[in-house]
Amino acid sequence: VVLDLGEEKLISKFYYLPAKHTGYGGIITKYILLAGATEQSYRKIKEGNWAKNAELKITRFEPIKVRYVKLEIVESINDALISEVGVGN
């Protein structure tokens, strides 16, 4: 999943809301978060695990100015299903 913010913005958190209508199926449990000023200049800013529940997942990191944010799904329960993703400060 790649987010294009349209211009460089200062961000310090990423959030992910699993699709709730599937129970626990589709939940992302392990991820890598990358960001960059261009689509060719990604660098890893965070990686980790999320609980196996349908609650909102929020990942915080040091503030960084980027245009693109990329979520790489490393592990999920069945095929990943996403209701909503976003970034903020």
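Lys70 is partly exposed in this predicted model, with a relative accessibility of 26%. Its side chain meets that of Glu72 in a salt bridge, with 4.0 Å from N to O. Glu72 is also classed as partly exposed, because its relative accessibility of 32% falls between the 20% and 50% limits.

The count of salt bridges comes to three. Another of them joins the side chains of Glu47 and Lys44. In the remaining pair, Arg67 bridges to Asp4. That pair links distant parts of the chain, since Arg67 lies in strand β4 and Asp4 in strand β1, with their positions 63 residues apart. The table sets out the pairs with their distances and accessibilities.

| Salt bridge | N to O distance | Relative accessibility |
|---|---|---|
| Arg67 with Asp4 | 2.7 Å | Arg67 26%, Asp4 42% |
| Glu47 with Lys44 | 2.7 Å | Glu47 44%, Lys44 46% |
| Glu72 with Lys70 | 4.0 Å | Glu72 32%, Lys70 26% |

**The sheet**

Five strands form an open sheet in the order β3-β2-β4-β1-β5, and the pairing is antiparallel. At the edges are β3 (43–49) and β5 (82–88), each of which pairs on one side only. From one strand to the next, the twist averages 30 degrees. In general, the strands of a sheet pair through backbone hydrogen bonds.

Strand β2 has partners on two sides. Its antiparallel pairing with β4 runs over eight bridges, and six bridges join β2 to β3, again antiparallel. The strands β2 and β3 make a hairpin, with six residues between them. Lys30 shows both pairings at a single position: its bridge partner in β4 is Glu75, while its bridge partner in β3 is Asn49.

Thr29 also belongs to strand β2. This residue counts as buried because its relative accessible area is 8%, which is under the 20% limit. Leaving out residues up to four places away in sequence, Thr29 touches Gly48, Asn49, Trp50, Lys52, Glu75, Ser76 and Ile77. Two of these contacts, Glu75 and Asn49, are named above as the bridge partners of Lys30.

**The nonpolar core**

The largest nonpolar core holds 17 residues, and those touching the most other members are Ile11, Phe14, Leu33, Trp50, Phe61, Val69 and Leu71. Strands β1 (2–18), β2 (28–36) and β4 (57–76) are the elements that each give two or more residues to this core. Trp50, one of the core residues listed, is also among the contacts of Thr29.

Ile11 offers a view of the surroundings of one core member. Apart from neighbours within four places in sequence, Ile11 is in contact with Leu5, Phe61, Glu62, Pro63, Ile64, Val66, Val69, Val87, Gly88 and Asn89. Phe61 and Val69 in this list also appear among the core residues that touch the most other members.

**A loop residue**

Asn78 is found in the loop between β4 and β5. Its relative accessibility of 61% is over the 50% limit, so Asn78 counts as exposed. Its phi is positive, about 60 degrees, although Asn78 is not a glycine. Most residues other than glycine have a negative phi.

Key:
Residues numbered from 1 in each chain as written. Predicted model: local features only at pLDDT ≥ 70, side-chain atom pairs only at ≥ 80, totals over all residues. Heavy atoms only, no water. Core = buried A, V, L, I, M, F, W, Y, C linked by side-chain atoms within 4.5 Å. Buried < 20%, exposed > 50% of the residue type's maximum accessible area, 1.4 Å probe, protein only. Helix = DSSP H or I, 4+ residues; strand = E, 2+ residues; numbered from the N terminus. Contact = heavy atoms within 4.5 Å. Pairing = 2+ DSSP bridges. Axes fitted to C-alpha atoms, helices over the stretch in contact; angles between N-to-C directions.
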